[in-house]
Amino acid sequence: MRKTFSMLLAASTLALTSFAQSGQDTSLKWLKNSTNVISYQLNKASKTYKPGQNPRSVNPDGTVRLAPYKDWTTGFFPGSLWYGYELTGDKKLAEKAKRFTLALDSVRYLTHTHDLGFMLYCSYGNAYRITGDKTYLPALADGAKNLFARFNPKVGAIRSWDFPQWHFPVIIDNMINLEYLYWGAKEFNKPEYAQAANTHAITTMKNHYRNDHSSYHVVDYDPETGKILRKATHQGLTDESAWARGQAWGLYGYTMCYENTKDQKFLDQAELVAAFIMNHPRMPKDKIPVWDFDVHNALDVDERAPRDASAAAVIASALLDLSTQVKDGKKYMDYAEAILKSLSSPAYLAKPGTNGLFILKHSVGAFLYNSEIDTPLDYADYYYLEALKRYANIKKIDLSKI
């Protein structure tokens, strides 16, 4: 009798354990599925494309648009391989990531762009963070020096473009590249890098943001006096509209600035931008915004307006970071989780072997220029992967065991 009872107890315990594990597996099925897709797509892509010619997007005719080393997006694919390695533990991805990263060595000599953070910090920066291999440091040192050289004390900002139609343009995207300077200030003992990043963030907060906490895309300054010459857009619907990815860049940037400085004004700004995005009346139910929040005001497009998964991925990654910086972070965590589940659904997550071997579908590059509309984008994949890594870290999820 006692033996029978023991057997029944053991069976019951096994059943309950199996049920609990099953419940966990069910709740994380979306994450497991996305990880499988990520592994397949990145492994296949790393065999299909050549280092130095990285996949950027898919052209309307179905061919893949490639990014040479001078392209502002060139660091995202190597960065995605590094995140893919972290998410899956696949050492083959680490080997490929190293090859695609080292192929960008010449980026260290570029002086004409602010995008060095995207180009070098997303590739070489992740490589060094993950491996600790000092081989990656010389290129990072040169790139940080060249990015800092674009800072103008009279303007109080880093010049974004060298396009002749602008005097001293500063775009909201530039907030992301400040992370490179904060890191470089510590790594290379260059406090002036962090000082420039702080000043740039303060200038942008003062001049880019409207009363509703939405952001202009471009502010053009007089480089001699620092006077504002024009507030405009280059990729949004109108000068006064809220370009979706621009709002995402700002949210990410100010969250990152607070994380690096613990300056309360940066956290306050991040939360104001987060509120604008999260409470926007035209945010779709699945929380994947259309390419510009004001597109419905100007065009009778409704659900036909292209969504921008890249903006959603940046927002998710930023909100996850923000959730760890505040006491009431659950609202940010929950919102980011909802975005990730949408991006991980069949509506946005590619089927293995399709989509030019990109991971996410349905992003928008520059709508008004008829460029990269409703297409995969390498930076959508990068920030999606980063967001998944942050999510797993916060939730303490071992992806190898789900």
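Guide: Start with a definition. Helix angles under 35 degrees count as roughly parallel, over 145 as roughly antiparallel, 65 to 115 as roughly perpendicular, and the rest as oblique. Keep in mind that this model is predicted.

Visitor: Let's apply that. At what angle do helix H10 and helix H12 pack?

Guide: Helix H10 covers residues 264-278, and helix H12 covers residues 309-323. They pack at about 135°, and their axes lie 11 Å apart. H10 and H12 are therefore oblique to each other.

Visitor: Is the crossing of H10 and H12 left-handed or right-handed?

Guide: H10 passes H12 in a left-handed crossing.

Visitor: Which residues make the contact?

Guide: H10 supplies Leu267, Ala270, Glu271, Ala274, Ile277 and Met278. H12 supplies Ile315, Leu319 and Leu322.

Visitor: How do the residues of this contact divide into nonpolar, polar and charged?

Guide: The contact of H10 with H12 has 8 nonpolar residues, no polar ones and 1 charged.

Visitor: Now the sheet. What is the order of its strands?

Guide: The order is S5-S6-S7. This is an open sheet of 3 strands, and the pairing is antiparallel.

Visitor: Which are the edge strands?

Guide: An edge strand pairs on one side only. Here, that describes strand S5 (169-171) and strand S7 (228-232). Next, look at the twist. On average, neighbouring strands of this sheet are turned by 20° against each other, direction ignored.

Visitor: How many bridges join S6 to S7?

Guide: Strand S6, residues 218-221, is joined to S7 by 4 bridges. The two strands run antiparallel. To place one pair, find Asp220: its bridge partner in S7 is Arg230.

Visitor: Which helix packs on the sheet?

Guide: Helix H8, residues 191-207, does. H8 touches S5, S6 and S7, and its direction makes about 105° with that of S6.

Visitor: Last topic: backbone angles. What is the phi of Asn189?

Guide: Phi of Asn189 is near 55°. That is a positive value in a residue other than glycine. Asn189 is in the loop between helix H7 (174-187) and H8.

Visitor: Is Asn189 buried or exposed?

Guide: The cut-off for exposed is over 50% relative accessible area. Asn189 has 64%, so Asn189 is exposed.

Visitor: Where is Asn370 found?

Guide: Asn370 is in the loop between strand S8 (363-366) and strand S9 (371-375). Asn370 is not a glycine, yet its phi is positive, about 55°. Its relative accessibility is 65%, so Asn370 counts as exposed.

Notes: Residues are numbered from 1 along each chain as its sequence is written. This is a predicted model: local features need pLDDT of at least 70, side-chain atom pairs count only at pLDDT 80 or more; totals for chains, interfaces and linings use all residues. Side-chain values use heavy atoms; hydrogens and water are left out. Two strands pair if DSSP finds at least two bridges between them. Axes are lines fitted to C-alpha atoms, for helices over the stretch in contact, and angles run from 0 to 180 degrees between N-to-C directions. Contact means heavy atoms within 4.5 Å. Buried means under 20% relative accessible area, exposed over 50%, partly exposed in between (1.4 Å probe, protein chains only). A crossing is left-handed if the near helix is turned anticlockwise from the far one by less than a right angle, and right-handed if clockwise. Ala, Val, Leu, Ile, Met, Phe, Trp, Tyr, Cys and Pro count as nonpolar, Asp, Glu, Lys and Arg as charged, and the others, Gly among them, as polar.
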